[in-house]
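Colleague: Please walk me through one part of this model in detail, and explain each term with its cut-offs as you reach it. I would like a connected account that I can follow with the structure open beside me.

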Amino acid sequence: MVHINSITTAATIAVSLTSALTLVSAHIPLTTHSSGHGSHALEKRQAAPAAPTTGPSCNTTYAPVAAGSYPAIDCVPFTHDPQVQTWLKLVDFSKTPVFPPSQKGVCPTDKTSIPQDQCWWTCQKCEAPDDITSCPTTGTWGLTFDDGPSPDSPRLYDNLLEHNQKATLFIVGSRAVSLPATLKRAYNEGHQIAIHAWSHNSMTSLTNEQIVAELKWTEKAIFDTIGVTPIYWRPPFGDVDARVRNIAAQLGLKTSIWTQDFDTNDWNIPAGAATPQSVVDTFKGWLAKIPSMPHGFIVLEHDLFPEEVNVSINGVLPVAYATKGLLMQPIAQCLNDGKPYKEGAGTFKLLPGGSGGSNGTNPGNKNSAIGLGDAREGQEVLTVSAVTFFVAFVMNL
Ligand SMILES: [Zn+2]
């Protein structure tokens with residue numbers, strides 16, 4: 001069940017580029033969240049859209065985006081814009097499945113009313129064949145952080161750098177244009193940069209044209225900053241169905257979600273519905289079942305709010321670093337994809353051994369390899385088995 005949080009009065013979402021920092025640091029955009037994400041897997045953190053724009057400060061009157069500029073931050077971009085009109089020609093909407101936009105991404109009470117072929121991940125737990133929801137190899141963790149870059153992201157990057165650990169970062173376009181230097185740092189340090197969305201709204205609630213605008217403006221903001229075009233994207237809240245997937249695929253994007261129920265709930269700490277201890281306990285609970293899973297997993301974490309970064313660098317990551325046999329990798333690494341950008345590898349470095357399978361490679365986390373506590377990036381090729389994974393995990397619980 002999704003309910004509306006009472007923090008709505010704080011939702012004075014700024015719309016100018018210069019106010020982005022204030023928006024992030026003041027923890028303002030927490031207007032809704034899911035109380036039952038175990039079944040819905042929603043990570044609500046912002047007001048849902050009222051077409052064509054959203055948020056109390058979003059203009060409802062169209063004005064063209066000035067040359068060299070971007071749409072209002074945290075607002076669904078206007079589709080009238082000449083730039084968007086050009087992008088719309090990239091998609092053949094006659095090939096896009098027709099399903100009505102959702103009501104703010106909220107599932108209908110009667111889920112059996114949803115057509116099977118809509119394959120709505122959040123409401124039907126439906127995974128399409130091309131969805132990326134796990135890493136192939138048991139014991140491999142697709143390490144991802146959403147919603148950055150934020151003023152707190154550098155603290156996360158510092159921790160990852162210290163451990164020679166790379167991650168996949170799903171970037172909000174509005175944050176990218178607000179903190180381009182932070183995004184540049186992440187890219188320069190070899191993290192996999194990927195697309196989240198422009199305004200962080202439920203994608204199933206948007207029109208076909210708005211979906212294109214959200215994805216392409218984010219892509220442009222990232223390209224303008226780091227010079228490469230991400231191929232991977234993650235829908236905010238994991239809110240994707242066959243219609244949204246089709247549009248993303250036609251734009252050349254790979255839909256990447258997370259493994260069902262592998263949501264740390266870190267987003268619920270600033271919302272007041274989780275604690276750092278509960279997040280760490282959740283994570284430790286996964287460690288017990290990871291060795292018996294037929295594949296690896298992808299975890300949902302965030303770096304928008306200080307509480308989220310805090311629980312990562314002080315709670316989850318230290319436990320993970322100390323867990324032998326756990327291979328943390330960017331998604332592209334665990335999928336053995338050396339070209340996560342349309343231009344190729346960029347700064348991303350695919351390590352030998354790819355997915356870290358039976359002859360996997362330590363991705364750089366010095367404690368992530370069984371029996372080789374100080375192995376470094378690209379230096380060691382390891383042979384691991386389910387049995388040794390299990391023993392290593394149990395001993396580190
Ligand atoms: Zn998000």
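**A close look at one strand and its surroundings**

Modeller: Cys75 sits in the loop that runs between helix 2 (37–40) and helix 3 (82–88), where helices (H or I, at least four residues) and strands (E, at least two) are DSSP runs numbered from the N terminus. This is a predicted model, in which local features need pLDDT of at least 70 and side-chain atom pairs count only at pLDDT 80 or more, while totals for chains, interfaces and linings use all residues. Residues are numbered from 1 along each chain as its sequence is written.

Cys75 counts as buried because 22 other C-beta atoms lie within 10 Å of its own; the term buried requires 20 or more such atoms, exposed means 12 or fewer, and partly exposed covers what is in between, with C-beta atoms placed from the backbone. Although Cys75 and Trp198 are 123 residues apart in sequence, their C-alpha atoms are 7.6 Å apart in space. For the protein as a whole, residues 24 or more positions apart account for 72% of the contacts with a separation of 6 or more, a contact being two residues whose C-beta atoms, placed from the backbone, lie within 7 Å. The protein has 13 helices and 10 strands, and 55% of its 397 residues count as buried.

The part to look at closely is strand 5, residues 168–172, in which 5 of the 5 residues are buried. In a regular strand the side chains alternate between the two faces of the sheet. In strand 5 both faces are covered, with Thr168, Phe170 and Val172 buried on one side and Leu169 and Ile171 buried on the other.

On to its partners: strand 5 pairs with strand 4 (residues 144–148) in the parallel sense over 4 bridges, where pairing means that DSSP finds at least two bridges between two strands. Within this pairing, Phe145 has Leu169 as its bridge partner, and Asp146 has Phe170. Strand 4 is largely enclosed by the rest of the structure, because 5 of its 5 residues are buried. Strand 5 is also joined by 5 bridges to strand 6 (residues 192–197), and these two strands run parallel; here Phe170 stands opposite Ala194 of strand 6.

The connection from strand 4 to strand 5 goes through helix 5 (residues 153–162), and the three elements make a right-handed β-α-β unit, right-handed meaning that, with the strands pointing away from the viewer, the path from the first strand over the helix to the second runs clockwise. In the loop between helix 5 and strand 5 lies Asn164, which counts as partly exposed because it has 14 C-beta neighbours inside 10 Å. Asn164 is 25 residues from Glu189 in sequence, and 9.5 Å from it in space, C-alpha to C-alpha.

Helix 5 also meets helix 11 (residues 306–321): their axes come within 8 Å and cross at roughly 25 degrees, the axes being lines fitted to C-alpha atoms, for helices over the stretch in contact, with angles running from 0 to 180 degrees between N-to-C directions. Helix 5 and helix 11 are therefore roughly parallel to each other, a label given to angles under 35 degrees, whereas those over 145 are roughly antiparallel, 65 to 115 roughly perpendicular, and the rest oblique. The residues that meet are Arg155, Leu156 and Asn159 in helix 5 and Val309, Ser312, Ile313 and Leu317 in helix 11.

Another neighbour of strand 5 is helix 7 (residues 180–188), whose buried residues are Thr182, Leu183, Ala186 and Tyr187. These four cover an arc of only 140 degrees around the axis, which puts them on the same side of helix 7; the arc is that of the directions from the helix axis to the C-beta atoms. Strand 5 is part of what covers these buried residues, as are helix 5, helix 6 (173–178), strand 6 and helix 8 (208–226), among others. The face turned away from the buried side carries the exposed residues Ala181 and Asn188, and just after helix 7, Gly190 takes a positive phi of about 90 degrees.
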